[in-house]
Each structure stands twice: as structure tokens, then as C-alpha cells.
Amino acid sequence: MRRIYPDIQDDPPIELAYAYPPGRPWLRVNMVASADGASWMNGLSGGLSSKGDRRIFGVLRGLADVVVAGAATVRAEGYGPARPRESWRPLREGRPETPPVAVVSRSLDLDLDGPLFTEALSRTIVVTCASAPADRLAAAKSVADVVVAGEETVDMETAVRELHERGLTRVLCEGGPRLNAQLAAAGLLDELCLTISPLLLGGGAARILNGEAALVGLRLGQVLEEDGVLFCRYTREPNHD
């Protein structure tokens, strides 16, 4: 892997290339897309990924306080809990050895008996709203930490604030596109880490933001490259309307 912007460097240290800015909460979204903007292949992101993408994916999780994902992504991608990695030890000094996964779900249509809830070293968090089915809410509370944010729908501004109050200020969102759009529209997105795969797909796959309209100015901070795959790091332009 090499950095090609803003300078040229072979084998840059990934943990430094993606270090969080100190002294403030930060929410980054990490996604992969084809060259024409598709965020999945046959319903899954794995076909767009690469060895370098998986390496960066692991480092981003190791750096994060919490990994946030929408319920549809959790179901489609077969999410389990984050597993300890030896390479994470220096990244997570003074913190639990794994970040918790926070699942955003209005309906609570989740496999509460699955590994994400039964095998997590850091207790899984469920983010929902007050109108969630009462029986599912009670069941979720028995196996997860539950955050109720909003009345009829999940209010992501409230949800992120609740995570911060738990000391989870370095937030990594892994999608899907609808959740990304909600975060962007609410002005909560600080950074986009975008892997661009050298493929053209066409078809009906969603873009990395899908649904709610948003306008967020971005500043390109870094581009890495490996085997024709680009790894772009953007930060939100300050005071952009």
C-alpha cells in the first residue's frame, strides 16, 4: 500500500493515517463502493472489498470506541461481535479490548439469540425508539444495553449524544446507506472513509447515502492506493450549509 495524496509514501502506518483528531468527539463513516457508486454487489459489500480494504476495516474498528450499524446491514452482512486482535492492543490501551457494536433498529427485528448478543465481550448496544414493540424492547433489554432515542423513529442526534455520554466518543459507522444519509442530514458526519473498487456494476444498488437528502461539503485529506483500489479519507468542510 502507498499514499499518493497529499504526498507520496510507501507503506504508511495505517493506524497513524486514520488516527482520530484529539480532544473532541468524532463520527466517521466507512464504506466501500464501485467506481460508478454502487455500495454493494448482489446485496453484500464483500464483493467490492479487497485485502487492503479489509486491513483498513480492521484498523478502523481497533481505533473506534463503538461500531454503529443499521439493522438491515447487520442482518444482510451477518454481523457478529468484534473479536479481539493482537494488533489492537496498542490501539486500545486503557479501553476494553473490543469495541461494542451498536445496532440501530426501529422495529427490533433482530436475532437476539445470535452471536452478536450472546458472544460479545463488550455488551452489544441496541438503539431504538419509544414506539418499538414492547415485547421486543423487553427482550432486547435482557441481552443488550438499550438506548431509546426518539418517539416514532430513531433520532440519530439523540442517539449519538447518548453514546457520547457513555464515553463512546470515537464513533465508527459502517452503514448502511440509509443510516449514513440520516447521519449526514442531521449534520453528525465528521469524516468519510471511502474505498473505491475498480469495478463498474450498474443495476439498482444503492449509493453510500440513500434516502434522506443531505448536502455536506467534504475536504479530501488523504488517498492511499493498493492494486488499483483507492482509499480516500474526507473530512467535513467547517461551517458548510
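**Threonine, helix and cysteines in a predicted model**

Modeller: In this predicted model, T73 lies in helix α3, which covers residues 71-77.

Biologist: Why is T73 called buried?

Modeller: The relative accessibility of T73 is 14%, and since a residue is called buried when that value is under 20%, T73 counts as buried.

Biologist: What makes the approach of the T73 side chain to G176 a polar contact?

Modeller: The side chain of T73 reaches the backbone nitrogen of G176 at 2.8 Å, and a pair of N or O atoms has to lie within 3.5 Å. Apart from neighbours within four places in sequence, T73 is in contact with G78, Y79, E174, G175 and G176.

Biologist: How do you know that the span of helix α2 agrees with its number of residues?

Modeller: Helix α2 runs over residues 51-63, and its 13 residues, at 1.5 Å a residue, should span 18 Å; the C-alpha atoms at its ends are 19 Å apart, so the two values agree. Among the buried residues of α2 are I56, V59, L60 and L63, and also D53 and R61.

Biologist: Why is C129 not in a disulfide?

Modeller: A disulfide needs two cysteine sulfur atoms within 2.5 Å, whereas the closest cysteine sulfur to that of C129 belongs to C173 and is 17 Å away, which is too far for a bond. C129 is also buried, because its relative accessible area is 0%.

Biologist: What makes a bond between C232 and C193 impossible here?

Modeller: Their sulfur atoms are 9.9 Å apart, and because C193 holds the closest cysteine sulfur to that of C232, C232 is too far from any partner for a bond. With a relative accessibility of 6%, C232 counts as buried, and the structure holds 0 disulfides.

Technical notes
Residues numbered from 1 in each chain as written. Predicted model: local features only at pLDDT ≥ 70, side-chain atom pairs only at ≥ 80, totals over all residues. Heavy atoms only, no water. Buried < 20%, exposed > 50% of the residue type's maximum accessible area, 1.4 Å probe, protein only. Helix = DSSP H or I, 4+ residues; strand = E, 2+ residues; numbered from the N terminus. Expected span 1.5 Å × (residues − 1). Polar contact = N/O pair within 3.5 Å; in protein donor to acceptor, adjacent residues only side chain to side chain. Contact = heavy atoms within 4.5 Å.
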